[in-house]
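Here are my notes on the model you sent round. They cover the charged pairs and then the pocket.

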Amino acid sequence: MWSGHAVPLVIGTACAGLLDNQEAATDLLGRLKSLVPDISRDAVGATSSFVHTEDRARLVEGLARAGLN
């Protein structure tokens, strides 16, 4: 059960995307969008708490692979 916080869903969605687990990515992305309907890769990249640019880029890459625009 999800807590209602977007961060675990962002991380989970990105991980599923990076692992090419499309079934999990689709499920998690749907949950994420139901919680934050206007979420985008650009918004996540701009507001991520990751300090290193390459870590933010990897997060955004995972979200892209999961299908987030």
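**Notes on salt bridges and the main pocket**

1. Arg 65 and Glu 61 sit four residues apart in helix 4, so about one helical turn separates them. This is a predicted model, and the points below should be read with that in mind. The two side chains form a salt bridge, with 2.7 Å between the closest N and O atoms.

2. Glu 61 has another partner, Arg 58, and in that salt bridge the closest N and O atoms are 3.3 Å apart. Here the spacing is three residues within helix 4 (residues 53-66), so again the pair is separated by about one helical turn. Through shared partners, the salt bridges link Arg 58, Glu 61 and Arg 65 into one network.

3. How buried or exposed are the members of this network? Partly exposed is the class between 20% and 50% relative accessible area. Glu 61 belongs there because its relative accessibility is 29%. Arg 65 is partly exposed as well, at 38%, and Arg 58 is partly exposed at 44%.

4. The count of salt bridges in the model is three. Besides those in helix 4, there is one between Asp 27 and Arg 31, whose closest N and O atoms are 3.2 Å apart. Both residues belong to helix 2 (residues 22-35) and are four residues apart, about one turn of the helix. Asp 27 is partly exposed, with a relative accessible area of 39%; Arg 31 is also partly exposed, with 37%.

5. The largest pocket has a volume of about 230 Å³. Two elements give two or more residues each to its lining, namely helix 1 (6-18) and helix 3 (41-47). Helix 1 gives the most, with four residues. The lining includes Ala 6, Val 7, Val 10 and Ile 11, and also Ile 39, Ala 43, Val 44 and Thr 47. Ser 48, Ser 49, Phe 50 and Leu 59 are lining residues too.

6. Which classes of residue line the largest pocket? There are nine nonpolar residues, three polar ones and no charged ones.

7. Val 7, Ile 11 and Phe 50 need a separate remark. These residues line the largest pocket, and they also form a nonpolar patch on the surface with about 250 Å² of accessible area together. Ile 11 lies in helix 1. With a relative accessibility of 34%, Ile 11 counts as partly exposed. Patch residues must have over 30% relative accessible area, so Ile 11 passes that cut-off at 34%.

How values were computed. Residues are numbered from 1 along each chain as its sequence is written. This is a predicted model: local features need pLDDT of at least 70, side-chain atom pairs count only at pLDDT 80 or more; totals for chains, interfaces and linings use all residues. Side-chain values use heavy atoms; hydrogens and water are left out. On a 1 Å grid over the protein atoms alone, a cavity is a set of points where a 1.4 Å probe fits but cannot get out, and a pocket is an open set with protein on both sides within 12 Å along at least five of seven lines; lining residues have an atom within 4 Å of a point. Grid points are joined across faces, edges and corners, and a volume is the space filled by probe spheres set on the points. Ala, Val, Leu, Ile, Met, Phe, Trp, Tyr, Cys and Pro count as nonpolar, Asp, Glu, Lys and Arg as charged, and the others, Gly among them, as polar. Patches are made of residues with over 30% relative accessible area and no salt bridge: like charges are joined within 9 Å, nonpolar side chains (Val, Leu, Ile, Met, Phe, Trp, Tyr) within 5 Å. Accessible areas come from the Shrake-Rupley method with a 1.4 Å probe; for residues, only the protein chains shown count as cover. A salt bridge is a side-chain nitrogen of Lys or Arg within 4 Å of a carboxyl oxygen of Asp or Glu. Buried means under 20% relative accessible area, exposed over 50%, partly exposed in between (1.4 Å probe, protein chains only).
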